[in-house]
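Student: Could you take me through one part of this structure slowly and closely, beginning with the place where the ligand sits? I would like to see how the parts next to that place are put together.

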Amino acid sequence: MDEKVTILVTGGSGMLGYALQRVVKVEKRPNEEWIFINSKDGDLRDINQTRKVIEKYMPTHVLHLASAVSGMFRNIKFNSDVLLTNQSINTNVYQVCKDIKVKKLISCLSTCIYPDNVTYPITESMLHNGAPHITSIGYSFSKRMLDVMNRCYRMQYGCNFLSVIPTNLYGPNDNFSLEDAHVIPGLIHKVHRCKKEDTPLIVWGTGKPLRQFIFSYDLAKLMIWAIREYNDEENIFFSVDEDDEISIKELVEIVVEESGFKGDVVFDETKTDGQYKKTVSTAKMRQFLPDFKFTPIREGIRETIRWFEENYETART
Ligand code: GDP
């Protein structure tokens, strides 16, 4: 029989944690115990609470998802808070995982932390080749430090700590705040309100930026594969392929159609576009997973809208 493994997920009630819980229900193996913790179990900014909550479960594996995270517009306002929160959480989690000799720790970075001026498509190894976009400097450097910590802990203590790097994530149980969310949940909530109030939809920016959007249930499946199978020391991108990159304008059309919104759509070009694009190469992921099928964006958005409508009263808004 396979060795018993205990997999602890920090940030277990966020969008990705929620997706993991759903997928694990179906795909859990008999030798696996999955434990999802969130801020109610302990404040990971505090080393004593971090030690207590992790030592309670003595995991063999950790998926470290807990993080301060938000859309570009909130990042601009709270760069310092995000930097300090993430640094504290990451330092504490890594320290305790090293102390209790966790066999594998995977943390989650994001493609928005890559250099602003790069050649495309971006490959995993370009992470430190230049400054990130100024809008999310606090978030980006706190996440880049996870990569530095992976290398330092591996060199000094032989820890099997590594990171995976998804592109723009969306799905059920996201933060649907009108002002501070990422573009997909922000648009879904705005369209919901425009339909109710019979007002035009105001989209921020020109609509020209390009993004590779990944559905949270797909990322959950990839994270499960990574915790079981991926042992390369280097990071790996998890993303839909380059051909599936779409513009914000195309995205708006899908959200509008799937919501049945019939009103006007106005692009507010006084709002920043942020990065024009951050296209990543999926060559490495495809070497390992040539046949992995991603949920088509229209289907993922339909599912996310349905979840939002059904959970409107309790959704994070
Ligand atoms: P990021 O730029 O990839 O970090 O992610 P965001 O989701 O914050 O924004 C992506 C793009 O969507 C940017 O070009 C924004 O200008 C544009 N955008 C359009 N409407 C919205 C909105 O309501 N909320 C957010 N966050 N972005 C929007």
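Tutor: In this predicted model, an oxygen atom of the ligand is 3.0 Å from a polar atom of Thr272, and that atom belongs to the backbone. Side chains also take part: a polar side-chain atom of Lys278 lies 2.7 Å from an oxygen atom of the ligand, and an N or O atom in the side chain of Arg211 is 2.8 Å from an oxygen atom of the ligand. Altogether the ligand is surrounded by 16 residues, and the closest are Val183, Lys190, Arg211, Asp273 and Lys278.

Val183 leads us on to a helix, since helix α6 covers residues 183-197. Helix α6 packs with helix α8, which covers residues 248-259, at an angle of about 45°, and their axes are 10 Å apart. Angles from 65 to 115 degrees count as roughly perpendicular, and the angle here lies outside that range and also outside the ranges for parallel and antiparallel, so α6 and α8 are described as oblique to each other. The crossing in which α6 passes α8 is right-handed. On the α6 side of this contact we find Val183 again, together with Ile184, Leu187, Ile188, Val191 and Lys195, and these meet Ile248, Leu251, Val252, Val255 and Ser259 of α8. Sorted by character, the residues of the contact of α6 with α8 are nine nonpolar, one polar and one charged.

A second pair of helices can be read in the same manner. Helix α1 (residues 15-27) packs with helix α7 (residues 216-229) at an angle of about 70°, with axes 8 Å apart, and α1 and α7 are therefore roughly perpendicular to each other. Here too the crossing is right-handed, as α1 passes α7. Among the α1 residues in this contact are Met15, Leu16, Tyr18 and Arg22, while the α7 residues include Tyr217, Leu219, Lys221 and Arg228. The residues of the contact of α1 with α7 divide into twelve nonpolar, one polar and four charged.

Two details of the backbone, both in loops, complete the tour. In the loop between β4 (104-108) and α5 (137-157) lies Pro121, and the peptide bond that joins Tyr120 to Pro121 is cis, with an omega of about -5°. In the loop between α2 (47-57) and β3 (61-64) lies Met58, which has a positive phi of about 40° although Met58 is not a glycine.

Conventions
Residues are numbered from 1 along each chain as its sequence is written. This is a predicted model: local features need pLDDT of at least 70, side-chain atom pairs count only at pLDDT 80 or more; totals for chains, interfaces and linings use all residues. Side-chain values use heavy atoms; hydrogens and water are left out. Axes are lines fitted to C-alpha atoms, for helices over the stretch in contact, and angles run from 0 to 180 degrees between N-to-C directions. Helices (H or I, at least four residues) and strands (E, at least two) are DSSP runs, numbered from the N terminus. Angles under 35 degrees count as roughly parallel, over 145 as roughly antiparallel, 65 to 115 as roughly perpendicular and the rest as oblique. A crossing is left-handed if the near helix is turned anticlockwise from the far one by less than a right angle, and right-handed if clockwise. Contact means heavy atoms within 4.5 Å. Ala, Val, Leu, Ile, Met, Phe, Trp, Tyr, Cys and Pro count as nonpolar, Asp, Glu, Lys and Arg as charged, and the others, Gly among them, as polar. A residue is near a molecule or strand if one of its heavy atoms lies within 4 Å of it. A polar contact is a pair of N or O atoms within 3.5 Å; within protein, one must be able to donate a hydrogen and the other to accept it, and residues adjacent in sequence count only if both atoms are side-chain atoms.
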